Amino acid sequence: MTQDQSLTASQLAELKELLQARRQDLHKQMEQNRANLAPAVNTAGSVSQDESARLANQTREVDSALTSLDAQDLDRIDRALEAMDEGTYGLCDACGCHIPFERLKIEPMTQHCVACKSSWEQKQAKV
Ligand SMILES: [Zn+2]
């Protein structure tokens, strides 16, 4: 067992708590989004039928955009928690290096080290 840059048990526990808290937040947020967006259409009042249909459409688009973003985040959180169980958490997906604890604390569901992520972002920016 090498103890080089890999995460300690207590660091892992801390990150796991962060991930679980974030997952709970996301669940709450998703429920709130639905609750907030639904009544906005009903209280529109004197708008014409066309207008309210347009609003309903718009609301649905915003809602599904938000939800799919949240769903992506949830997916990443679940994957991070799975990796923790498998003991592969904290390793960069691209180069396999240890992602520093300080970085994981800020972005616990990241799967890439800073170097790989910034080169990926540069590639994205060119498209
Ligand atoms: Zn990397």
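Colleague: Which residues coordinate the zinc ion?

Modeller: The zinc ion is held by the SG atoms of Cys-92, Cys-95, Cys-113 and Cys-116, at 2.3 Å. Donors here are N, O and S atoms within 2.8 Å of the metal (3.2 Å for Na, K and Ca), and water is not among the atoms, so sites may look incomplete. One caution before we go on: this is a predicted model, where local features need pLDDT of at least 70, side-chain atom pairs count only at pLDDT 80 or more, and totals for chains, interfaces and linings use all residues. Residues are numbered from 1 along each chain as its sequence is written, and side-chain values use heavy atoms, with hydrogens and water left out.

Colleague: Thanks! What arrangement do the four donor atoms make around the zinc ion?

Modeller: Tetrahedral, because the angles they subtend run from 104 to 115°. The rule is that four donors count as tetrahedral if all angles lie between 85 and 135 degrees; four count as square planar and six as octahedral if opposite donors are over 155 degrees apart and all others between 65 and 115, and anything else is irregular. For reference, the ideal angle for four tetrahedral donors is 109.5 degrees.

Colleague: And what spacing do the donors follow along the chain?

Modeller: The pattern is C-x2-C-x17-C-x2-C. Cys-92 and Cys-113 link distant parts of the chain, 21 residues apart: Cys-92 is in the loop between helix H2 (49-86) and helix H3 (101-106), while Cys-113 is in the loop between H3 and helix H4 (114-126). Helices (H or I, at least four residues) and strands (E, at least two) are DSSP runs, numbered from the N terminus.

Colleague: Are Cys-92 and Cys-113 buried or exposed?

Modeller: Both are buried. Cys-92 has a relative accessible area of 4%, and Cys-113 comes out at 7%. Buried means under 20% relative accessible area, exposed over 50%, and partly exposed in between (1.4 Å probe, protein chains only).

Colleague: How many disulfides does a search of the whole structure find?

Modeller: Zero. The test looks for a pair of cysteine sulfur atoms within 2.5 Å.

Colleague: Switching to H2: how far apart are its end C-alpha atoms?

Modeller: They are 54 Å apart, which agrees with the 56 Å that its 38 residues should span at 1.5 Å a residue. That expected span is 1.5 Å times one less than the number of residues. Just after H2, Gly-87 takes a positive phi of about 80°.

Colleague: Which residues of H2 are buried?

Modeller: Among them are Ala-56, Thr-59, Asp-63, Thr-67, Asp-70, Leu-74 and Ile-77. Asp-70 counts as buried because its relative accessibility is 8%.

Colleague: What is Asp-70 in contact with?

Modeller: Leaving aside neighbours within four places in sequence, Asp-70 contacts Leu-26, Gln-29, Met-30 and Asn-33. Contact means heavy atoms within 4.5 Å. Thr-67 has a spatial partner too: its C-alpha is 9.5 Å from that of Glu-31, with the two positions 36 residues apart in sequence. Glu-31 sits in helix H1 (residues 9-42) and counts as exposed at 54%.

Colleague: How many salt bridges does the structure hold?

Modeller: There are 10. A salt bridge is a side-chain nitrogen of Lys or Arg within 4 Å of a carboxyl oxygen of Asp or Glu. One of them joins Arg-79 to Asp-75, with the closest N and O atoms 3.3 Å apart. Both lie in H2, four residues apart, about one turn of the helix.

Colleague: Which residues are linked in a network of salt bridges?

Modeller: The network takes in Asp-73, Arg-76, Arg-103, Glu-107, Lys-117 and Glu-121. Within it, Arg-76 pairs with Glu-107 at 3.8 Å, N to O. Arg-76 is in H2 and Glu-107 in the loop between H3 and H4, so this pair ties together parts 31 residues apart in sequence. Glu-107 also meets Arg-103, at 3.7 Å. Arg-103 counts as buried at 15%, whereas Glu-107 is partly exposed at 21%.

Colleague: Last one: what does Gln-11 touch?

Modeller: Not counting residues up to four places away in sequence, Gln-11 touches Ser-6 and Phe-101. Gln-11 is in helix H1, and its C-alpha is 7.4 Å from that of Phe-101, though the two are 90 residues apart along the chain. Gln-11 counts as partly exposed, at 22% relative accessibility.
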